[in-house]
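Okay, thanks for coming, everyone. I'll put the structure up on the screen, and then we'll walk through it piece by piece.

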Amino acid sequence: MLDSASINRIDIRKGADSVVLIKSATGWTVNGWTAAPAEMSDWFTALADTNARSDLAAQSEALHQRLGVDSAGRKVVLQAGDKTLATLVVGNRGPDFEGIYVRRVESPEVYLSHARWAEMAGRAADEWRDKQIAKVAADSIKEIAVTRASGKFTVIKDGGWKFKSGGSGTPDSAASARFAAAFGDLHAMGFANPALADTLRHAKPWRSVRVTNAAGATLLSVALDSTAAGFWLRPDSGGVVYRVDQSVTEAIAPAASALDASQRLANRYWVWVVGGGKSNRLPTTYNPTTHYPFRHHLHHFLSVVTGADLESRR
């Protein structure tokens, strides 16, 4: 039985690929980058799962190559300080892709393991990394400044949200609330490779965002970039360059017009609503009480497409 609590280093290697997880006083790292706490928690939960089925599959070394647990297999080394607690070899998937063949390096016996840790051992280094970019509580935000190619604007919270500069009219309250809330739990999809990260750090940003509190202290300051390979976010403090979904760039760095209440209430939009074998072209000025059976779904659809808060005016 492994003493999981004592493990402070995990080496996972296959060929040229390596994942090195190291525990420090501040948490785990993976290949020098911060590891996701949730991923490490999942790993140790899986490692300690005594209910996971494990069936003896082979006892002969002659079968090791076929099962993928020979010298070419994926080696998982668990260490506590300078002491090696276990070296495991993770091989191929079992019949019908259920379970994974595993053996201890010093033993010829091979088991078909259904434990999740064996599956997790096949993850690339980036899959272990922490993808959380920031957590900024909306009620801690005083100002948000956005710079885009089309111009700059700043909104300030003074009772309600107002344009401090760069905008016109009055910000829509619901849109402003969503804007501030977008910084509450920012997550990445992945990471830039070293070469791209270095290029982006020296490039003029596509967009930038700065979030400050009532004391003027910076809560978050990031640059956004767009390339053929995707959308990227990099903190001004340096370090990690994150790959993000396009929706994140629009959520945290919108155009000022996306917040302007007068701009958001469009005069007239046309959409196609398909149903009952017929197509019906309806304007946003339709009377929702008479357009059954489309009224409920069309209300929601138009709210999403136009940004107008039609739901609250039903």
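Let's start with one residue and work outwards. Serine 176 sits in helix α5. Keep in mind that what you're looking at is a predicted model. So, is serine 176 buried or exposed? It's buried: the relative accessible area comes out at 2%. If we set aside the neighbours within four places in sequence, serine 176 is in contact with Trp161, Pro171 and Leu259.

Now zoom out to the helix. Serine 176 has company in α5, where Ala175, Phe179 and Ala180 are buried too. Look down the axis of α5 and those buried residues fall within an arc of 135°, so they line one face of the helix. The general rule to remember here is that an α-helix has 3.6 residues a turn, so residues three or four places apart point the same way. At the start of α5, a side-chain oxygen of aspartate 172 comes to within 3.2 Å of the backbone nitrogen of alanine 174.

What does this helix sit on? There's an open sheet of eight strands, with antiparallel pairing, and the order reads β13-β12-β11-β16-β17-β18-β19-β15. At the edges you find β13, residues 160-165, and β15, residues 190-191; each has a single partner strand, so one side of each is left without a neighbour in the sheet. Helix α5, residues 173-181, packs on this sheet and touches β11, β12 and β13. The direction of α5 makes about 90° with that of β11.

A second helix to point out is α6, residues 194-201, which lies across β17 and β18. Helix α6 runs at about 65° to β18. As for those two strands, β17 covers residues 218-227 and β18 covers residues 230-235, and they pair in the antiparallel sense over six bridges. If you want a landmark there, valine 222 stands opposite proline 235 in β18.

Right, on to the cores. The largest nonpolar core has 33 residues, and the ones touching the most other members are Ile144, Phe183, Val209 and Ile252. Take phenylalanine 183: leaving out residues up to four places away in sequence, its contacts include Ile141, Ile144, Val209, Val211, Leu220 and Ile252. Lys135 is also one of the residues touched by phenylalanine 183. There's a second, separate core of 27 residues, with Leu21, Phe44, Ala118 and Trp128 among them. As a general point, in soluble globular proteins nonpolar side chains tend to be buried together.

Leu21 takes us to the other sheet. This one is open as well, with nine strands in antiparallel pairing, ordered β4-β3-β2-β1-β6-β7-β8-β9-β5. The edge strands are β4 and β5, each pairing on one side only. On the β5 side, the partner is β9, residues 110-113, and the two are joined antiparallel by four bridges. Serine 54 stands opposite serine 113 in β9.

At the other end we get two hairpins. Strand β2, residues 17-24, and strand β3, residues 27-30, run antiparallel with four bridges between them. They form a hairpin with two residues in between, and leucine 21 has valine 30 in β3 as its bridge partner. Then β3 pairs with β4, residues 33-34, through two bridges, antiparallel again. Here threonine 29 stands opposite threonine 34 in β4. This hairpin, too, has two residues between its strands.

And that brings me to the last residue, asparagine 31, in the loop between β3 and β4. What's worth noticing about its phi? Phi of asparagine 31 is near 50°, a positive value in a residue other than glycine. Asparagine 31 is partly exposed, with a relative accessible area of 37%.

Which residues does asparagine 31 touch, not counting those up to four places away in sequence? Ser18, Val19, Val20 and Ala125. With serine 18 there's a polar contact: its backbone oxygen lies 3.2 Å from a polar atom of the asparagine 31 side chain. And back to leucine 21 one more time: asparagine 31 and leucine 21 are ten residues apart in sequence, and 6.6 Å apart in space, C-alpha to C-alpha.

That's the tour.

Terms used
Residues numbered from 1 in each chain as written. Predicted model: local features only at pLDDT ≥ 70, side-chain atom pairs only at ≥ 80, totals over all residues. Heavy atoms only, no water. Pairing = 2+ DSSP bridges. Contact = heavy atoms within 4.5 Å. Axes fitted to C-alpha atoms, helices over the stretch in contact; angles between N-to-C directions. Buried < 20%, exposed > 50% of the residue type's maximum accessible area, 1.4 Å probe, protein only. Arc of directions from axis to C-beta. Polar contact = N/O pair within 3.5 Å; in protein donor to acceptor, adjacent residues only side chain to side chain. Core = buried A, V, L, I, M, F, W, Y, C linked by side-chain atoms within 4.5 Å.
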